[in-house]
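I opened the notebook with a short list of places to look up. The entries follow in the order I worked.

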Amino acid sequence: DLTVEQVKEKAEAGDARSQTWLGEHYLILAGEKDKEINNCLAVDWLIKAAKQGRKSAARLLRRCWIQGKGITPENEADVRRLSAESKFELAVRKAAMMMYWKLNPEKKKKVAVAEMLENVSQVNAVQSGTAKSIPTPTSVQTQKVLQSIVNRESAQVMDLDDFVEMTKNYAQGIVPTVSQNSTQESHGQETRSPPRVPGVLAKMFQYPLHVIVEMKEHLVDWTSRAGVQWLSTIIPTQHVNALIFFFVISNLTVDLFAFVIPLLVFYLSFISMIMCTLRIFQSSKTWENFRALTSLLTRFEPGLDMEQAETNFGWNNLEPYLYFILSVFFVIFAFPVADKHWIPCSELATVAIFFTAVSYNSLSPTATTYARRAIIIEVASSLCSLTQFLPENLTAFRFLGRTFATLPLGESVVLKLSIPCLLYVYLFYLIFSMAQMRGFRGTYCFLVPYLVCFMWCEFSVVLLQNSSAVGLIRTCVAYFLFLFALPVLTFGLATMMLIQLFKWFLELELTKMIVTLVVCAIPVTLRLWTRFSLSLLSVFHSLTHRGLVKVILLCISMVILFSSIYVYHAEGQKFYNSTLTWDQYNQACGPPAWKTKGMAQTQIFCSHLHGHRVTWTGRFRQVRVAETENGARSVINMLPAFMGEWLRCLYGERYPKCEPKNATVASQEEQELCQIKALAKKTCHIKRYDSYRFEVTLGRIQDGAVDDPAMDIILMASHEFRQVLLNLNPGNVVEFSIKLEGRLGAKAPAFELKAINCLDCPSSLLMRGRQVKIERNWRGATMRAIKFAFDFFFSPFLSAT
């Protein structure tokens, strides 16, 4: 019943309903006359209404955006943003505006943050129009939430749009982190720099503490630059870089990768799991602030969808959970292939139990509805499974974990019918119930947070299965003493660690080599430091403000990638066991084939046999050293004479004294060393680090025929065959396994020796009957890791075979 002018007056006063009516009115007028002008006026009024959370205005704006009505460069950004807002965002916008005016009762365009915090009582005075099931935040919680919102900005004043946008983001679970600049400013408020005072002396006398702190920072910065630059000039970094490179390359072996890489991946992933869990536990405090904010918003907008708010919070805070699951993935595949002697399972089991409780406490109240039952069922199932490790006389307890029957499900999976299996079936039902809540949005709202607790519990069970009773008692006592005697234990552990490290440095040769590498790596670090003009302070600040979990996961991924490439190239392709005999090979690829086809065509024809593994019998002719590798000698020979001799005696062995009076009692080996000592003219040698590659010549056994050297083959043997090859005599009959590759069909082809056994040698000459090349079963290790991963998630319900 109001005229257009009266509605316009109410719209200009800020009435959202009148602004929406005006916008719709001008859209109708645009269809009759002045299309462009009326459309622009309509959009302007609809923008004002939509900013106040008017849903019908946002719907009309969305239609104008699609049809391109009234869109100008000035309002394009606002139209795009407001038309894309959901109903939940519009409700939050409306509630945030009402809250802003309560915090700003004087209706200022911009209000100081301190003044807003003083008016928190105005917000608490608003009566709640929501259900009683929603908790009402206290005044302390309200002030804490508002302070966490408004203190994110460095500005001291705030307008309506800024407050609404920050509240909207916070209500969706997007909690902004404190930037580095704001952190420095917050620290600066505590130790605010003094005002400028003319004259350096006056400043020193008036603000001595600040001057001392500033001088310390500049001194550390200057010494880190100048000192590193000076050290890099007096140390020959280029030569040391080359030495280190060749030394590392020469000592990289598959065995080293197989031992170090799984342990490195396991410990880094375990640390990443702990960091992610602590971050999740910290985010539970953010959840409390989020719940307080949403409860506060429902006072102004009772129609606010709380379930949608919780869903948005869960989706926008998935990052630490995803990093945790990725870390668990690395732990699961590294643990079964790692050396268990280097993993303190008892200590880590107690750590896993502790973080199981921590992760459970970090669950949201809504998620605990099913999570409480799920964790009880999981613990009960795990305890029943662990009863199989009890003594056999405890029959009643062992009955709880007994497998009554097994049902094969294919070739690789077995269904175990037992009490833990039944409990696990109910656990899967609870997991599915958590996932299907809120239209399967419970997958990331409830299920993913529970999986953190689930995986810690499962991992603790795995570690307990690999622990001993003595280890668990030792762990409990150690943790108990750790709580009550922390200073003494810290000193004792540090002392024991230093003593143990000292013993390692004296006894282990590998440790000596590692120490040498660390010492030689210092100039490399100095060189890189000066090249990129880094300072200690900048490095410290950059490390403290970066995601350490991301760095750890990136390092793990790169280590696995490079080690996989190295192992692939070191081991080569797979071979095939073949029944091909030496006579058949000789007829197809030997002298008879050369006479009929020629050597080139024979080589092309015999290339089809590449990759076959055969076992033949032949006669040993001779063995020679094809090449010798000694990484330590290569490094020492490139150093100055005095330093090289010292390192040679430190890491190697001394020649015998070779006194004439002891010549009669010396062993044959000592006598040979005495002879070479006079020629070498050195005090020490490092022959212990020699690694040989042998070239073995074998001939075919022919009954009653003359041996033809053209039919001989050459075998390349690694260092592990040294004991057998050095005890063979020409004419011995040996059985050997080789892999056909290389110069097939040529004269004296060279093959890689895989196994050898002397058939007519006295047993006293050989340490073992059959010498086999040690080859890692990478396929078996991979299958073992996959089996462990399957059992980790599905045992005792299903088990991989």
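Entry 1, the largest cavity. I began with the lining of the largest cavity, which is made by 14 residues. Those nearest its centre are Tyr585, Gly590, Ala710, Met711 and Pro749. I then looked up which elements give two or more residues to this lining, and found helix H28 (582-589) and helix H29 (591-597). H28 supplies the largest share, four residues. Sorted by class, the lining holds eleven nonpolar, two polar and one charged residues. I noted a volume of about 80 Å³ for this cavity. The search of the whole structure gave three cavities of 30 Å³ or more. I also noted that the model is a predicted one.

Entry 2, the chain as a whole. I wrote down 35 helices and 14 strands for the protein chain. The chain has 801 residues, and 39% of them count as buried. For contacts between residues at least 6 apart in sequence, I recorded that 72% join residues at least 24 apart.

Entry 3, aspartate 791. I found this residue in helix H35, which runs over residues 778-794. Is aspartate 791 buried or exposed? Its relative accessibility is 16%, and the cut-off for buried is under 20%, so aspartate 791 counts as buried. I looked next at what its side chain meets. A polar contact of 2.8 Å links it to the side chain of lysine 787. The side chain of aspartate 791 also reaches the backbone nitrogen of alanine 800, at 3.0 Å. Setting aside residues up to four places away in sequence, I listed Leu798, Ser799 and Ala800 as the residues that aspartate 791 touches.

Entry 4, helix H5. Which residues of helix H5 (residues 76-83) are buried? I found Val79, Leu82 and Ser83. They cover an arc of only 90° around the axis, so they lie on the same side of H5. I set a general point beside this: an α-helix has 3.6 residues a turn, so residues three or four places apart point the same way. What do the buried residues of H5 pack against? I recorded H3, helix H4 (55-67) and helix H6 (87-103).

Entry 5, aspartate 34. I placed this residue in the loop between helix H2 (16-30) and helix H3 (35-51). Its phi is near 45°, which is a positive value in a residue other than glycine. The relative accessibility of aspartate 34 is 47%, so I entered it as partly exposed.

Entry 6, phenylalanine 313. I found phenylalanine 313 in helix H16 (residues 306-316). Its relative accessible area is 8%, so it is entered as buried. I then checked its C-alpha atom against that of phenylalanine 290, and the separation is 8.3 Å. The two residues are 23 residues apart along the chain.

Entry 7, lysine 550. I located lysine 550 in helix H27 (residues 548-571). With a relative accessible area of 45%, lysine 550 is partly exposed. Which residues does lysine 550 contact, leaving aside its neighbours within four places in sequence? I found Glu319 and Tyr323. The C-alpha atoms of lysine 550 and tyrosine 323 are separated by 7.9 Å, although the residues are 227 residues apart along the chain.

Notes. Residues are numbered from 1 along each chain as its sequence is written. This is a predicted model: local features need pLDDT of at least 70, side-chain atom pairs count only at pLDDT 80 or more; totals for chains, interfaces and linings use all residues. Side-chain values use heavy atoms; hydrogens and water are left out. Buried means under 20% relative accessible area, exposed over 50%, partly exposed in between (1.4 Å probe, protein chains only). A polar contact is a pair of N or O atoms within 3.5 Å; within protein, one must be able to donate a hydrogen and the other to accept it, and residues adjacent in sequence count only if both atoms are side-chain atoms. Contact means heavy atoms within 4.5 Å. On a 1 Å grid over the protein atoms alone, a cavity is a set of points where a 1.4 Å probe fits but cannot get out, and a pocket is an open set with protein on both sides within 12 Å along at least five of seven lines; lining residues have an atom within 4 Å of a point. Grid points are joined across faces, edges and corners, and a volume is the space filled by probe spheres set on the points. Ala, Val, Leu, Ile, Met, Phe, Trp, Tyr, Cys and Pro count as nonpolar, Asp, Glu, Lys and Arg as charged, and the others, Gly among them, as polar. The arc is that of the directions from the helix axis to the C-beta atoms.
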